[in-house]
Amino acid sequence: MKVKKYILTLFIVMLAFYPFTDGTKQQTAIATDEYAQLGISINKILQDERLDGATTGVSIRKANSGELIYDHFGETRLHPASNMKLLTGAAALETLGENYKFSTEVLSDGTVKAGMLSGDLYLKGKGDPTLLKQDFDVFAKDLAARGIKKINGNLIGDDTWYDDVRLSQDITWTDESYYYAAQVSALTASPNADYDAGTVIVEAHPNSIVGEPAKIKVLPETDVVNIINRSKTVAAGEVKDITIERQHGSNNIIIEGTVPAGGTVTREWIAIWEPSYYALDLFKTSLEEQGIKFVGKHKITLGKTPSDAQLLTFKNSMALKELFIPFMKLSNNGHAEVLAKEMGKVVYGEGSWEKGLQVIEENSEEMGLNMETIMIRDASGMSHVNLIPSNEVTNLLVAVQNEPWYKTFLSSLPVAGISDRFTGGTLRNRMKTEPTVGNVKAKTGTLTAVSALSGYATTKDGELLTFSILINNDLAAVTPIEDQIATAIASYTKSK
């Protein structure tokens, strides 16, 4: 009987060491046999036919020691999608600090006399992705409080804090019309408190008259975009089939298709072409609403603020620890790319992707990641060229626990099953029952044929584990598989 029991135990451990591999050479590490049952559970999950033809990397470590307790293709480089933001976020907190703030300034090289500003007015952006229309209103009110009623000069936007490269190198034409691939500028604006910088919200409302075009609303209102409305309101109950897209290389927003009378509103976040002009247009509107008028010949253009210009008013953004909530919870790509350029500006004096990604790479190496196994092409994870092994993701998740800003980092991660958007984030509708709800805290990632989930989960024994699941080349819905693995971790107890 003892021999049979020994053989059975050995067989279980061997199963954990050698998971289902579809004929591919596989290296699997289980630190001790106490995690063998967890390995068996995950191996069984990985046999799901939805993963046929896909490549999946899974890595699990003890959070307190970094000891690797499960590894399925953990050294294989895979596309991380938005799990790339874990590296970017760690670098930003380390480089800029939790209390870092962006600033925006209004300056002039002229003088004010009898209510007239004689000289140019400059709106200087320094990367703030959280500027809203009401912030420009406050700027205008501040100028009015200085007694300015007229401006005899030009309105000039200064976006030279960063370079003029608007899109990271791997963004495609099919993406760049939408909010998740918005252009990055040091001078920009957001439509609401999600802070999708460089975008407007376009709404198509059914017309009350069948046969007429849908009624279009742009939020915030701006003259920068040109609406081309080719839509049609059809009878109630008919099919809703409407698209809202921006034409490449312009700010022509084309609305096509049908919307049923009495039906729901169609809403799309559309990225602006050259968002510096967008911010400048909102500021001009705010000035006009405060009764401040431009007189004589004047231009509304971009340029560089003179070094001797006088500061008239300014605004600091929320602290970085507050920005991290919409950034990570909602997986805001624009925030990631702005942070990259800001890090480049602060560390190397150059607000570019080249220098920003260099900072992320250097910080990741300092955190103990093996950069010889990693390729970084952007800060958000939108690139299909980014590569990282899941074992290096869990390395990072272990390392950040020792940093003074770890609480901010952890608090920014989506929390499984919590319905509040700024708590549950992109996990608010996943893993909504015990033992995962409120327990699993992890960053999601989604691209075409890429899905990822990496973060922290506490086992039934109260042990905190870090995990990373990277799935590439998938053609089916694989998030349920990620959830099953996270649930297996959260359900695990060594006593069984």
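Which residues does Glu342 touch, not counting residues up to four places away in sequence? Glu342 touches Leu96, Tyr100, Phe102, Lys126, Trp161 and Tyr162, where contact means heavy atoms within 4.5 Å.

This is a predicted model, in which local features need pLDDT of at least 70 and side-chain atom pairs count only at pLDDT 80 or more, while totals for chains, interfaces and linings use all residues. Residues are numbered from 1 along each chain as its sequence is written, and side-chain values use heavy atoms, with hydrogens and water left out.

**Glu342**

Glu342 is found in helix α7 (residues 333–348). Helices (H or I, at least four residues) and strands (E, at least two) are DSSP runs, numbered from the N terminus. Glu342 is buried yet has no salt bridge. Buried means under 20% relative accessible area, exposed over 50%, and partly exposed in between (1.4 Å probe, protein chains only). A salt bridge is a side-chain nitrogen of Lys or Arg within 4 Å of a carboxyl oxygen of Asp or Glu. For Glu342, the nearest side chain of opposite charge is that of Lys345, 8.2 Å away; Lys and Arg count as positive and Asp and Glu as negative, while His and the chain ends are not counted.

**Nonpolar cores**

Helix α7 is also one of the elements that each supply at least two residues of the largest nonpolar core. A nonpolar core is a set of buried Ala, Val, Leu, Ile, Met, Phe, Trp, Tyr and Cys residues joined through side-chain atoms within 4.5 Å. The largest such core has 46 residues, and those with the most contacts inside it are Leu86, Leu87, Ile360, Val400 and Phe409. Besides α7, at least two residues each come from α3 (84–95), α6 (320–329), α8 (353–366), α9 (390–399), α10 (406–412) and β21. Helix α3 gives the most, with seven residues. Phe409 touches Leu86, Ala90, Leu93, Leu397, Val400 and Tyr456, again not counting residues up to four places away in sequence. A second, separate core of 37 residues includes Leu143, Val259, Ile270 and Tyr278. In soluble globular proteins, nonpolar side chains tend to be buried together.

**The five-stranded sheet**

Five strands form an open sheet in the order β2-β1-β22-β21-β20, with antiparallel pairing. Two strands pair if DSSP finds at least two bridges between them. Strands β2 (68–72) and β20 (441–447) stand at the edges with a single partner strand each, so one side of each is left without a neighbour in the sheet. From one strand to the next, the twist averages 5°. Axes are lines fitted to C-alpha atoms, for helices over the stretch in contact, and angles run from 0 to 180 degrees between N-to-C directions.

Strands β21 (residues 450–458) and β22 (residues 464–472) pair over nine bridges, and Gly455 has Phe467 in β22 as its bridge partner. Two helices pack on this sheet. Helix α2 (residues 36–45) touches β1 (55–62), β2 and β22, and its direction makes about 20° with that of β2. Helix α12 (residues 479–491) touches β1, β21 and β22, and its direction makes about 15° with that of β21.

Edge strand β20 is mostly covered, with five of its seven residues buried. Seven bridges join β20 to β21, and the bridge partner of Gly445 in β21 is Ala452. The hairpin of these strands has two residues between them, and Ala449 takes a positive phi near 65° there.

**The three-stranded sheet**

A further open sheet has the order β11-β10-β15, also with antiparallel pairing. Its edge strands, β11 (215–219) and β15 (266–271), each pair on one side only. The twist averages 25° from one strand to the next. Strand β10 (residues 199–205) and β11 are joined over five bridges, with Ile216 in β11 as the partner of Ala204.

**Backbone exceptions**

Most residues other than glycine have a negative phi, and most peptide bonds are trans. The table gives exceptions in loops.

| Site | Backbone value | Loop |
|---|---|---|
| Leu219–Pro220 | cis, omega about -10° | Pro220: between β11 and β12 (226–234) |
| Glu434–Pro435 | cis, omega near 5° | Pro435: between α11 (421–424) and β20 |
| Ala81 | phi near 50° | between β3 (77–78) and α3 |
| Ala114 | phi near 55° | between β5 (111–113) and β6 (116–118) |

Ala81 is buried, with a relative accessible area of 0%, whereas Ala114 is exposed, with a relative accessible area of 85%.
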